[in-house]
Amino acid sequence: MKHLKAIIASIALFVMFAGTTVQAKVEIQWWHAFGGRLGELLDEQVNKFNASQNKYTVVHTRKGNYSETLNAGIAAFRAGQHPNILMVFEVGTASLMAAKGAYVPMYQLMKDAGQSFNPKGFVSAVSGYYTTTDGKMLSMPYNSSTPVLWVNKDLMKKAGLDPEMDLSTWKRVGNALDAAKAKGIDMPFCTCWHSWVHLENFSAYHNIPFATKANGFAGLDTELSFNSPVHIKHIQTLGKWAQEGKFKYMGRRNEAGKNFRAGECMLMTESSAGYAGIKKEAKFEFGIRHLPYYGGTEAPQNTIIGGSSLWALSGKSKEENKATAAFLAFLSKTDIQAKWHQDTGYLGVTTAAAKKTKSSGFYKSNPGTDLAGIQMMRNKVTQNSKGLRLGSFDQIRGIIDEEMEGVYSGKKTAQVALDSAVRRGNVLLRRFERANK
Amino acid sequence: MEKRVFFKGWWLPALLVAPQLLISFVFFFYPSGQAIWNSLFLPDPFGLKTEFVGLDNFRFLLSDPYYLASFKTTVIFSTAVSVSSMALGLYLAALADRLIKGAGVYQTLLIWPYAIAPAIAGVLWLFMFNGNIGLASYYLKALGYEWNHTLKGDQAMFLVILASSWGRISYNFLFFLAGLQAIPKSIIEAAAIDGASFWKRFGTIVIPLLSPITFFLLVVNIVYAFFDTFGVIHTITSGGPEQSTTILVYKVFSDGFVSQDLGSSAAQSVILLVLVGILTVIQFKYIERKVHY
């Protein structure tokens with residue numbers, strides 16, 4: 001019955017719209033992962049594009065979270081029902097890159113469509129993630145963020161601490177947590193995206209390899225290496241804090257953000273893009289700080305990005321590809337980028353957008369919003385701080401999540417957990433290498 | 001006396017079994033064949049290329065200690081779901097059977113949860129036990145019990161068992177109630193007149209007479225716990241923490257549809273297929289003998 005209804009409804013829709021599609025407006029599909037405030041802002045961009053010209057129409061659809069969107073795109077590709085543009089989070093980048101033939105590389109797409117497009121206009125720390133080793137840009141950076149430390153200043157005061165105190169190193173953070181715990185604060189520390197912050201960015205920030213072969217940029221035969229003494233020291237510290245009730249683990253993704261926004265958590269490591277939600281919901285004074293590091297190392301180097309890029313999937317007509325190129329070129333315009341940066345807390349991914357934001361005085365009136373950009377670009381990028389390019393990385397993150405949960409619950413030492421995560425992750429890397437020879 | 005009916009000719013019997021054969025082929029033999037075939041290959045996620053790897057997918061699986069651990073998880077989970085939902089179903093049915101007033105209302109309310117899809121049931125329970133906003137976790141905390149199923153494996157397991165059993169209690173209740181009502185009152189009354197207590201009557205008359213239904217429910221519940229619960233697990237724990245709620249079918253789902261590793265997922269389906277085959281044979285060969293029809 002359900003099917004019958006669906007068929008009738010789709011026939012009715014078809015009849016209704018058949019008349020309008022005759023006018024030669026090319027329609028393209030964009031699948032993405034943004035709901036809530038970000039979804040509204042994305043919708044605004046699409047409407048702006050659709051209103052700005054009369055040749056193309058972009059239709060956007062939310063397909064769930066990042067992983068779900070990627071999977072929906074892949075499944076649709078196998079069935080030949082894929083969209084023109086797919087949002088892929090940074091973790092899926094290597095999987096897409098290896099799937100030659102599934103996408104039209106960005107430089108190619110722009111060239112074929114005759115769009116003027118300057119990859120050099122993007123901040124290199126961002127575009128490097130999506131560019132081949134020989135300098136060809138494969139996908140278009142959309143939203144990029146980097147982790148920072150969020151501070152609930154009211155709780156700091158309650159803990160008898162100076163809300164402006166130095167929190168640049170993990171040791172100082174530890175002292176602050178001790179003080180908070182002593183004053184009975186229930187959740188001194190929490191984190192979102194713990195693998196991304198405390199292993200992936202941690203590695204780049206301390207200039208140590210997360211994986212061999214330049215974190216996977218130099219070849220598929222890469223092996224994980226995040227079980228070095230520095231890594232172990234940090235994860236062991238987190239485990240100790242969890243045991244002592246100073247760090248509360250709320251989940252693998254950004255679950256802890258809720259606790260911070262509700263004013264329960266004093267210090268939180270989370271993406272700079274937490275800004276949109278925190279600004280809207282927090283009923284306390286908050287501050288933004290650089291991600292802490294360990295003194296006595298070469299740190300801080302620079303942090304790496306998280307977020308997504310847009311891929312033009314293959315198998316579409318020339319006309320549709322032209323529409324895709326026009327839309328993506330539109331998105332990289334300076335005023336669109338600057339607005340996105342200021343509204344969301346994502347980085348300004350083009351140099352022009354960052355400049356424009358600065359000259360508009362935005363950073364002055366919103367202190368701390370420039371920290372993420374500074375933190376990413378503070379030093380010349382090294383092999384260890386360029387980013388990650390690892391196959392099956394969504395799965396590997398799942399393994400890391402599991403093993404680190406073992407540390408927080410006190411079942412495993414950091415050494416055992418990280419060794420095991422490296423070993424299990426390497427099995428998947430070999431499997432990926434084999435499937436993508 | 002067994003009655004045997006013989007058909008003349010072959011087309012009528014062929015026609016009569018054809019729908020069943022067709023359904024078996026379309027919904028069982030064809031997909032199983034596909035699973036076996038796919039388990040021998042290592043395809044890339046996009047389906048652009050694929051490589052024949054023989055039994056490597058199976059080797060890959062059986063050398064993974066977490067996969068082996070998920071067998072144990074599956075046994076614990078399935079047993080707990082089947083036993084708890086059947087015991088509670090029977091208990092409620094026995095109570096509802098003795099009702100004189102308002103039986104219809106109670107029965108309807110007790111059957112209600114069965115109408116809720118597993119994934120939605122999962123979300124409901126997750127809401128109650130959510131560490132941020134859950135009522136249950138809030139009261140537990142007030143009582144001094146720290147609830148955090150994102151980190152504590154036993155709590156996570158408890159929660160998925162609870163959410164999976166909940167809807168099943170209704171289903172089991174319905175069958176047990178029908179079974180209880182089919183038992184002739186005269187037998188029970190005769191035993192009562194002979195001086196048998198309630199528990200004596202329950203143990204020696206009701207339970208044996210319910211055995212065909214109990215057996216049927218056992219098979220159906222185990223199949224349910226094995227195959228239909230991944231929606232609950234996906235919404236509540238996604239198999240975590242540390243794979244402590246990753247049962248076999250959830251791993252098939254997550255490796256295939258979340259991780260896009262179709263070769264490994266197919267190999268797991270084949271293993272699961274064999275396992276359930278063996279289980280069914282055991283059930284019918286050994287347990288069914290004890291059933292009185």
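**Exercise 1. Leaving aside its neighbours within four places in sequence, which residues is Met266(A) in contact with?**

Solution. Keep in mind that this is a predicted model. Start at Met266(A) and skip the residues within four places of it in sequence; the contacts left over are Asn152(A), Leu155(A), Met156(A), Ala159(A), Ala180(A), Ile185(A), Met187(A), Pro188(A) and Phe189(A).

Next, look at the core around it. The largest nonpolar core has 132 residues, and Met266(A) joins Trp150(A) and Cys190(A) as the members that touch the most others. Helix H20 (residues 414-435) of chain A gives the most to this core, namely 9 residues. Both domain 1 and domain 2 of chain A supply at least three residues each. There's also a second, separate core of 33 residues, with Val81(B), Ala121(B), Leu159(B) and Ile161(B) among them. As background, nonpolar side chains in soluble globular proteins tend to be buried together.

**Exercise 2. Find the buried residues of H8(A) and work out where they sit around the axis.**

Solution. First check the helix itself. H8(A) covers residues 170-182, and at 1.5 Å a residue its 13 residues should span 18 Å; the end C-alpha atoms are 18 Å apart, so the two agree.

Now pick out the buried residues: Val173(A), Ala176(A), Leu177(A) and Ala180(A). They cover an arc of only 100 degrees around the axis, so they lie on the same side of H8(A).

What do they pack against? Their partners are strand S7 (187-191), helix H11 (229-243) and strand S8 (265-271) of chain A. Just past the helix, Gly184(A) takes a positive phi of about 80 degrees.

**Exercise 3. Describe how the two domains of chain A meet.**

Solution. Begin with the bounds: domain 1 is 2-144 + 306-359, and domain 2 is 147-303 + 382-435. Their centres, taken over C-alpha atoms, are 30 Å apart. Domain 1 puts 19 residues into the contact and domain 2 puts in 21.

Then take the domain 1 side. Helix H2 (36-52), helix H4 (93-98) and helix H15 (334-344) of chain A are the elements giving two or more residues to it, and H4(A) has the largest share, 4 residues. By residue type, this side splits into 7 nonpolar, 10 polar and 2 charged.

**Exercise 4. Do the same for the contact between chains A and B.**

Solution. Count first: 21 residues of chain B are in contact with 26 residues of chain A. Then sort the chain B side, which comes out as 9 nonpolar, 8 polar and 4 charged.

**Exercise 5. Are Asn207(A) and Glu242(B) buried or exposed, and what is phi at each?**

Solution. Some background helps: most residues other than glycine have a negative phi.

Asn207(A) has a positive phi, near 55 degrees, and sits in the loop between helix H9 (194-205) and helix H10 (212-215) of chain A. Because 18 other C-beta atoms lie within 10 Å, Asn207(A) is partly exposed.

Glu242(B) also has a positive phi, near 50 degrees. Glu242(B) is in the loop between helix H10 (230-236) and helix H11 (248-258) of chain B. With 24 C-beta neighbours inside 10 Å, Glu242(B) counts as buried.

**Exercise 6. Place Asp261(B) in its surroundings.**

Solution. Find the loop between H11 and helix H12 (262-287) of chain B; that's where Asp261(B) is. It has 26 C-beta neighbours inside 10 Å, so Asp261(B) counts as buried. Leaving aside neighbours within four places in sequence, Asp261(B) is in contact with Asp255(B) and Gly256(B). Finally, go 20 residues along the chain to Val281(B): the C-alpha atoms of Asp261(B) and Val281(B) are separated by 31 Å.

Notes. Residues numbered from 1 in each chain as written. Chains lettered and ligands numbered in written order. Predicted model: local features only at pLDDT ≥ 70, side-chain atom pairs only at ≥ 80, totals over all residues. Contact = placed C-beta atoms within 7 Å. Nonpolar A, V, L, I, M, F, W, Y, C, P; charged D, E, K, R; others polar. Domains from an automatic or database assignment. Buried ≥ 20, exposed ≤ 12 C-beta atoms within 10 Å, placed from the backbone. Expected span 1.5 Å × (residues − 1). Arc of directions from axis to C-beta. Core = buried A, V, L, I, M, F, W, Y, C linked by C-beta atoms within 7 Å.
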